[in-house]
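The questions below are intended for a reader meeting this structure for the first time. Each answer proceeds step by step to the value or name requested.

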Amino acid sequence: MIRAWLFPILAMLTASVAAQTPPTYRQPPAEILALADAPAAPEVISDSRQTVLVLLEQGAYPPLAELSAPELRLGGLRIDPRTHVANTITLSDNRPVRLAYSRGLALQRVDATGPVPVSGLPPRARLAYFTWSPDETRLAFTHTADEGVEIWVLDLASASARRLTDARANASLGNPITWFKDGRALLVRMLPESPWALTDAQAAIPAGPVVSVSDGSKASNRTYQDMLAGPVDDANFEALTTSVLVRVPLQGAASLWAGPGMYRSTQFSPDGSYLLVDSLQRPFSRRAPLDRFPARHDLLDRDGKPVLTVAQAPRSDNLPRGRMAVREGRRNLGWRADAAATLVWVEALDRGDPASPAAFRDGLYDWAAPFNAAPRLLLKTVNRFKGVLWGDDDHAVVDDEWWDTRETRTYVFSPVHPASPRLLFRRDAQDRYADPGRFSMIRNGQGESVLRLDGDRAWLVGEGYSAEGQFPFVDRIDLATGQRQRLYRSALRNRAETIVELAGTAATTALVRIESPGDYPDYYLRTLATTAPPRQLTRFGAPYPSLHGVHKQLLDYRRADGVGLSGVLYLPAGYDRRGQDKLPLLIWAYPVEYKDKGSAAQVTANPNRFTRLDFKSPVYWVTRGYAVLDQAAFPIVGTGGREPNDTYLPQLLANAKAAIDAVDALGYIDRRRVAIGGHSYGAFMVANLLTHTDWFAAGIARSGAYNRTLTPFGFQREERTYWQAPEVYERMSPFLHAGRMKTPLLLIHGQDDGNAGTHTMQSERYFDALKALGAPARLVLLPRESHAYRARESVLHVLWEQDQWLERHVRQRPDG
């Protein structure tokens with residue numbers, strides 16, 4: 001018999017044990033779980049003639065065990081040292097690019113009725129780096145086995161795949177595959193016969209301190225992660241990225257082609273007589289990722305013997321300030337696609353400094369084999385060079401850009417007779433309504449991608465955003481006069497169309513994707529000159545039956561200063577839109593900076609597109625009885641010489657108030673039950689809104705940065721440093737105003753976030769401040785996750801956390 005006075009003590013002990021029980025991964029309610037586990041449609045790649053679709057099977061969210069493989073974090077790479085695969089590559093423009101695998105393959109020919117599975121694939125396939133042969137009859141790819149990376153090849157005629165190498169390919173620096181131009185062999189980056197041993201950085205006894213020196217010159221870098229920290233990291237980076245080049249024939253034995261090097265890329269000339277090799281060099285940077293490391297660009301002949309060194313790029317981690325800053329010397333090296341063997345590159349004409357006055361920023365040069373004459377200057381660009389499309393001796397197209405003004409220009413010129421280029425287009429890069437489209441490309445006889453041309457005529461494929469909606473188009477343009485003729489404009493009203501590319505050589509048909517809110521994008525072949533319906537090629541189906549009947553509409557509204565805004569509004573299936581039952585509202589948004597109000601007001605959300613659900617989506621909660629405003633426009637506009645962030649807070653608040661007012665005006669929502677959510681820069685938005693308003697019942701902020709003094713050399717599109725605009729950094733930092741925050745905030749962050757500026761510490765320190773100052777908050781850290789969440793356990797737990805938070809603080813809000 002237990003005495004009565006023991007019950008309170010037992011209850012206290014039970015509560016204490018429960019409080020100390022480690023949390024476990026949870027799953028969301030059944031209606032959300034069914035959506036999260038719905039099968040994904042295949043990714044699709046096509047040959048340049050659009051005659052065959054390769055369907056890449058996408059697996060469900062991978063298990064956490066797959067993300068828990070060992071990683072070395074070196075120079076912006078996250079490399080699995082067992083397999084020599086870079087799982088993540090962080091580039092100097094702040095983009096962490098994470099490798100995703102396909103699990104199976106099928107072929108859908110445009111002249112066939114159904115897909116054909118590819119035979120011969122390995123079990124538990126993890127396929128990546130798909131690379132077309134020059135004649136597009138084969139597709140090479142990697143398979144990451146437990147012990148390393150294998151090279152495989154798919155023969156399209158037989159729909160069969162086979163392995164070409166053992167598991168010794170080196171994918172530490174990305175795609176290890178280059179096709180020889182005859183299509184009969186691959187050049188593969190392989191591990192040396194005796195790979196260098198790795199050093200345990202934790203066990204190694206330091207030889208001395210880590211020292212950094214400033215020589216007094218001004219330079220700034222963003223807040224990168226995973227940088228090299230000392231000699232041990234240097235040695236491990238070199239060991240993991242060193243390869244030999246091996247010729248792997250489709251039939252016969254492989255042979256060594258070139259000795260060891262830190263090969264980053266290899267590119268054959270169109271005629272196959274030379275190979276341009278880009279290899280990393282020491283000394284490595286401690287402050288920037290590998291695309292700022294020293295590099296050497298060498299030319300080898302068709303037998304792998306050295307011809308000459310084309311360029312030696314120095315370490316470029318001390319560039320002048322500004323997004324348009326570049327290093328001096330030759331950069332963007334490659335081949336002219338429409339010539340046999342002509343090197344091309346770009347050089348800065350302003351010493352790479354955007355603050356330096358200059359009539360022209362860059363020069364485009366070429367240098368024809370046998371490389372014994374002087375290089376030629378082809379043209380100068382007013383803004384910074386962006387890219388070039390080669391066509392033939394008389395036609396090439398160049399784009400330039402300038403970040404501060406958002407201006408972009410497009411020129412056409414003759415590579416053989418490079419007189420003054422002709423300006424084709426000049427516009428605000430953010431002006432989507434004025435976007436002329438992209439040039440249609442086709443493969444030439446040497447397997448190179450070139451402009452689709454008929455004399456002076458080329459073709460443009462446009463996304464077709466307009467004030468009336470989105471209607472993709474195909475134009476034919478006369479490059480000599482600039483005159484354009486509209487050949488096709490989508491007329492779909494209740495579905496959305498995307499023109500993938502023109503098909504064949506006659507440009508009379510196009511491969512298109514057509515989708516609806518409930519149906520995956522399917523592929524069709526459309527004849528442009530007729531009104532006949534297109535021929536359907538794939539049938540991926542409708543994966544979310546529980547979303548049938550959900551109301552989806554484009555909502556147009558304005559904020560107080562007249563700037564037009566928009567968002568996509570979802571209402572639960574069966575909801576009576578007469579508004580007698582007031583719904584809780586979840587708003588999801590991501591702020592974007594603009595230089596003019598016109599571009600900021602343009603509508604690019606299309607309510608006819610498929611409602612794609614992933615870990616980022618808020619649409620799950622429409623099945624839980626919420627109204628959801630997704631893709632809510634939150635423009636931050638700089639006008640009259642002012643930078644956008646000079647008025648960040650008042651514009652942010654104006655955007656939020658306009659969104660709430662617009663949905664409330666329809667009579668659908670209870671204003672006391674509004675939540676706001678966002679990821680990354682959207683999380684930063686959430687924290688600021690909860691700090692400076694009392695309009696929200698709760699907030700959800702994932703993987704954000706909250707203290708801008710920890711990103712002092714710029715963030716997002718802010719170019720000024722903290723020391724140039726301290727009041728902007730301080731005013732925009734919710735961490736510095738944590739005492740004002742009283743609204744419940746759910747903070748979620750990957751413990752291994754590799755994104756520049758959003759170190760996990762940002763959420764940890766912000767939570768500590770909120771807790772110390774008495775704000776209601778919850779911090780959830782996801783083991784093994786980076787900036788985007790991938791593991792099934794993590795994704796489902798995030799959905800559970802968000803659902804619990806919304807139920808507690810929004811739907812069941814006590815003062816409701």
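A residue is called buried when its relative accessible area is under 20%, exposed when it is over 50%, and partly exposed in between. The model discussed here is a predicted one.

Q: Is Tyr789 buried or exposed?
A: The relative accessibility of Tyr789 is 2%. Buried means under 20%. Tyr789 therefore counts as buried.

Q: How many residues apart in sequence are the parts tied together by the pair of Phe615 and Tyr789?
A: Phe615 and Tyr789 form a tilted aromatic pair, with 5.0 Å from centre to centre and 45° between the planes. Phe615 belongs to the loop between α5 (597-600) and β46 (627-632), while Tyr789 belongs to the loop between β51 and α10. Phe615 is buried, at a relative accessible area of 6%. Because the two rings lie in these separate loops, the parts they tie together are 174 residues apart.

Q: Which strand holds Trp335?
A: Among the 27 aromatic pairs of the structure is the stacked pair of Tyr274 and Trp335, whose centres are 6.5 Å apart and whose planes differ by 25°. Both Tyr274 and Trp335 are buried. Tyr274 is in strand β18, and 61 residues separate it from Trp335, which is in strand β21.

Q: Over which ring does the charged end of Arg708 sit?
A: One aromatic cluster includes Tyr590, Tyr648, Phe684 and Trp723. The charged end of Arg708 lies 4.5 Å from the centre of one ring, that of Phe684.

Q: What distance separates the end C-alpha atoms of helix α6?
A: Helix α6 covers residues 648-665, a run of 18 residues. The expected span is 1.5 Å times one less than the number of residues. This gives an expected 26 Å, and the end C-alpha atoms agree, being apart by 26 Å.

Q: Which residue with a positive phi follows α6?
A: The buried residues of α6 include Tyr648, Leu652, Ile660 and Val663. After the helix comes a residue with phi near 85°, namely Gly667.

Q: Which strands stand at the edges of the sheet that contains β9, β10, β11 and β12?
A: The sheet is open, with its four strands in the order β9-β10-β11-β12 and antiparallel pairing. A strand with a single partner has one side left without a neighbour in the sheet, so the edges are β9 (127-132) and β12 (160-163).

Q: Which residue of β12 stands opposite Asp155?
A: Strand β11 (residues 148-155) pairs with β12 in the antiparallel sense over four bridges. Opposite Asp155 in β12 stands Ser160.

Q: Is Arg784 buried or partly exposed?
A: Arg784 has a positive phi near 70° although it is not a glycine, and it lies in the loop between β51 (777-782) and α10 (792-811). Its relative accessible area is 40%. Since that value falls between the 20% and 50% limits, Arg784 is partly exposed.

Q: What is the length of the polar contact between the side chains of Arg384 and Asp350?
A: Arg384 lies in strand β25 (residues 384-392) and is buried, at 3% relative accessibility. The side chain of Arg384 is joined to that of Asp350 by a polar contact of 3.0 Å.

Q: What is the omega of the cis peptide bond from Ala369 to Pro370?
A: Pro370 is found in the loop between β23 (362-368) and β24 (376-381). The peptide bond from Ala369 to Pro370 is cis, with omega near 10°.

Methods:
Residues numbered from 1 in each chain as written. Predicted model: local features only at pLDDT ≥ 70, side-chain atom pairs only at ≥ 80, totals over all residues. Heavy atoms only, no water. Helix = DSSP H or I, 4+ residues; strand = E, 2+ residues; numbered from the N terminus. Buried < 20%, exposed > 50% of the residue type's maximum accessible area, 1.4 Å probe, protein only. Polar contact = N/O pair within 3.5 Å; in protein donor to acceptor, adjacent residues only side chain to side chain. Pairing = 2+ DSSP bridges. Phe/Tyr/Trp six-rings, centres within 6.5 Å; stacked < 30°, edge-to-face > 60°. Lys NZ or Arg CZ within 6 Å of the ring centre and 35° of its normal.
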